[in-house]
Every structure is written in C-alpha cells, then in structure tokens.
Amino acid sequence: MEYIISNENIKIPKIIYGTAWKKDETSYFVNEAIQSGFRAIDTACQPKHYREDLVGEGLLKAYKNGIKREELYIQTKFTPIDGQDPNNIPYLPNDSIQIQIEKSFQVSKNNLKTDFIDTYILHSPIFPGSKLLKAWDTMSGFYKNKEIGQLGISNCYDLDVLKYLYEKSEIKPAVIQNRFYAQTSYDNGLRKWCQNRGIIYESFWSLTANPHILNSELFTKLSDKYNKSLASIFYRFLNQIGIIPLNGTTSKKHMVEDLKIFDYKLEKEDVEKINNLIK
C-alpha cells in the first residue's frame, strides 16, 4: 500500500474502499475489503445510500481478525437534509444546522465504534454561504476537540464555492471528494487549484462514468503492454496524477487485483496520453 500525507499530517492510503449501495451485505464487503488489503474505508451517515451501522460491524469483524484501529483510515460524512430520505434521517428536520451536524456526528461515532474519525466530510455544499460557514464552524469544533483528524467537502464542483469556504474558514478543507466525469471537465481547473494548496482530491464514480476511456484503443494497448486490467490501468493513472480513487467493487478477485496497482508504474509518456483524454 502507498500513502499520501495530508496538510494535517493524516496518512491516507492511495485507494479507498467505498461502501455506498452495499445494503445488507455492507459488513461482509467491508471485512472482505480489509482482509484483501484495503486500509481505508469511506462511508456516510446517510441511510438512503449507506449502511454506516453495518460498516461498523464490518470493522469489528476485521478487528477480531487481528486488524488494529490505528491501521485503518476511516472517513464519513454529514449529509445535509436535501440528501436524506425524509423517512430515515439521523436528526430532526427542524433542528438547527449545528444540532443536525452534532447529532449526525454522534451517530457516526456510535455506528463506526470509534471516538476518532480520520476525515469528516461535508457531503455537499450548503447555501447560502453564511449557512455553509455555520456548518463548517460546527465541524471545525470536532477538529479542535481532536475528535477528527481533518475536514473535507464532497460534491463541490464550483471552484468559487470552494474558494469562498477556503478563504472564510479558520480550519481549511484538507480533502475534496468529487465525481470524476466529463460533465465537469474532470475538475481540471479545480484540481489544479487544490494541488497548489495541498488539498487532496478523491475521485468517485471513476470507472462507471468513464466507459469511453476504459474501452478506448489506448487502454486496450496499455492493458496489453502492462499485462494489467483496464481498471488497474485507470486506478494507477489516477494515483500517478495525485488522485485517490474510491473503489466500490463487490468482487474479491477485483479487490485483490485492484490493490496490485502499487506493484508497477505507468511510464511518463503513457500517463500523458491518458491525461490527453481528460483535458
């Protein structure tokens, strides 16, 4: 496993196991991923798409199999009300934004059987800006209390919103997690801005959104050249341009295979060829 050290001195594995949409099988897949070699887990306090409670059960299984909490990087998210199932929300709809976050954070710690979350992520920007800053200030309190290692934001595709948050906040975002797809021009401008400030970019939907790249003639040739799967080539590419991808596979074979991206490197000219596909 390879790691990146963040601005907050948090050690982040260069590939993260994503737990969305695993439903009742979540605990099984979390344990399988960890036993296969994953050392980073992503989830959210959003029952609509995640079973964060079963992520916690999967972690307990891993601990019983000899894994220690300090070996793992765990990140979860506060999901604003518009991203929640109205019939299954971890807080009351009429709670203030501060109380919503405090309740959600407590649920996450209980679910994940831990008093420390490596990265706590705002699942999407909140508007207006004054409300966003209130939310961020509440999350920053967990950082100051040493209950979390760092803060992040997800689904933030407007660089102006990210700049506003960065400039107005005392505790700066250390991580951004976005869907990696053509509709946002692969966040090229945003990624460059983040890179200049040491903000780590995590990608999700990396394979699903890019069949045109994975099925391209270039990838077929690179797969043959390196004797690696199309997915492996893409994940290795993302790592080499400074992106940490989420991986949500439910296949043990693919878990093992995808972790072998650390066994090789793409040549500089091949990285540039793939880069040209996302410019």
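These legends describe close-up views of a predicted model.

**View 1. N178 and its surroundings in strand β8.**
N178 sits in β8, the strand that covers residues 175–179. N178 is buried, because its relative accessibility is 0% and buried means under 20%. A polar atom of the N178 side chain lies 3.0 Å from the backbone nitrogen of N155. N155 is also among the residues that N178 touches. With residues up to four places away in sequence left out, the list begins with S154, N155, C156 and Y157. It continues with D187 and L190, then Y201, E202, S203 and F204.

**View 2. Cysteines without a disulfide.**
The structure has zero disulfides. C156 is therefore unpaired in this sense: the nearest cysteine sulfur, that of C194, is 8.4 Å away, whereas a disulfide needs two cysteine sulfur atoms within 2.5 Å. C156 is buried, at 1% relative accessibility. C156 is also one of the residues touched by N178. C45 is buried too, with a relative accessible area of 4%.

**View 3. T79 in the loop between β5 and α3.**
T79 belongs to the loop that links β5 (73–78) to α3 (97–112). Its relative accessibility is 2%, so T79 counts as buried. Neighbours within four places in sequence aside, T79 is in contact with A44, C45 and Q46. Q84, Y91 and H123 complete the set of contacts. One of these partners, C45, is itself buried, with a relative accessible area of 4%.

**View 4. Y17 in strand β3.**
Strand β3 spans residues 16–18 and holds Y17. Y17 is buried, with a relative accessible area of 0%. The Y17 side chain reaches the backbone oxygen of T249 at 2.8 Å. For scale, P211 is 194 residues from Y17 in sequence. From C-alpha to C-alpha, Y17 and P211 are 20 Å apart in space.

**View 5. The largest pocket and its lining.**
The volume of the largest pocket is about 760 Å³. Its lining is made up of 36 residues. A20, W21, F204, W205 and L246 lie nearest the centre. Two or more lining residues come from each of β8, α9 (230–240), β10 (243–247) and α10 (252–258). The largest share, three residues, is that of α10. By class, the lining has 18 polar, ten nonpolar and eight charged residues. F204, named here at the pocket centre, is also in the contact list of N178.

**View 6. The second largest pocket and its lining.**
The second largest pocket holds about 300 Å³ of space. Its lining has 15 residues, and those closest to its centre are R191, K192, Q195, I241 and G242. Helix α6 (188–197) and strand β9 (200–204) each supply at least two lining residues. The largest share, five residues, comes from α6. By class, the lining divides into seven nonpolar, five polar and three charged residues.

**View 7. The cis peptide bond between F127 and P128.**
F127 and P128 are joined by a cis peptide bond. Omega is about 0° here. P128 is in the loop between β6 (117–122) and α4 (129–144).

**View 8. K113, a residue with positive phi.**
Phi of K113 is about 55°. The value is positive although K113 is not a glycine. K113 is located in the loop between α3 and β6. K113 is partly exposed, because its relative accessible area of 43% falls between the cut-offs of 20% and 50%.

**View 9. N227, a residue with positive phi.**
N227 is a residue other than glycine, and its phi is near 55°, a positive value. The loop between α8 (217–226) and α9 contains N227. N227 is exposed, because its relative accessible area is 68% and exposed means over 50%.

Terms used: Residues are numbered from 1 along each chain as its sequence is written. This is a predicted model: local features need pLDDT of at least 70, side-chain atom pairs count only at pLDDT 80 or more; totals for chains, interfaces and linings use all residues. Side-chain values use heavy atoms; hydrogens and water are left out. Buried means under 20% relative accessible area, exposed over 50%, partly exposed in between (1.4 Å probe, protein chains only). Helices (H or I, at least four residues) and strands (E, at least two) are DSSP runs, numbered from the N terminus. A polar contact is a pair of N or O atoms within 3.5 Å; within protein, one must be able to donate a hydrogen and the other to accept it, and residues adjacent in sequence count only if both atoms are side-chain atoms. Contact means heavy atoms within 4.5 Å. On a 1 Å grid over the protein atoms alone, a cavity is a set of points where a 1.4 Å probe fits but cannot get out, and a pocket is an open set with protein on both sides within 12 Å along at least five of seven lines; lining residues have an atom within 4 Å of a point. Grid points are joined across faces, edges and corners, and a volume is the space filled by probe spheres set on the points. Ala, Val, Leu, Ile, Met, Phe, Trp, Tyr, Cys and Pro count as nonpolar, Asp, Glu, Lys and Arg as charged, and the others, Gly among them, as polar.
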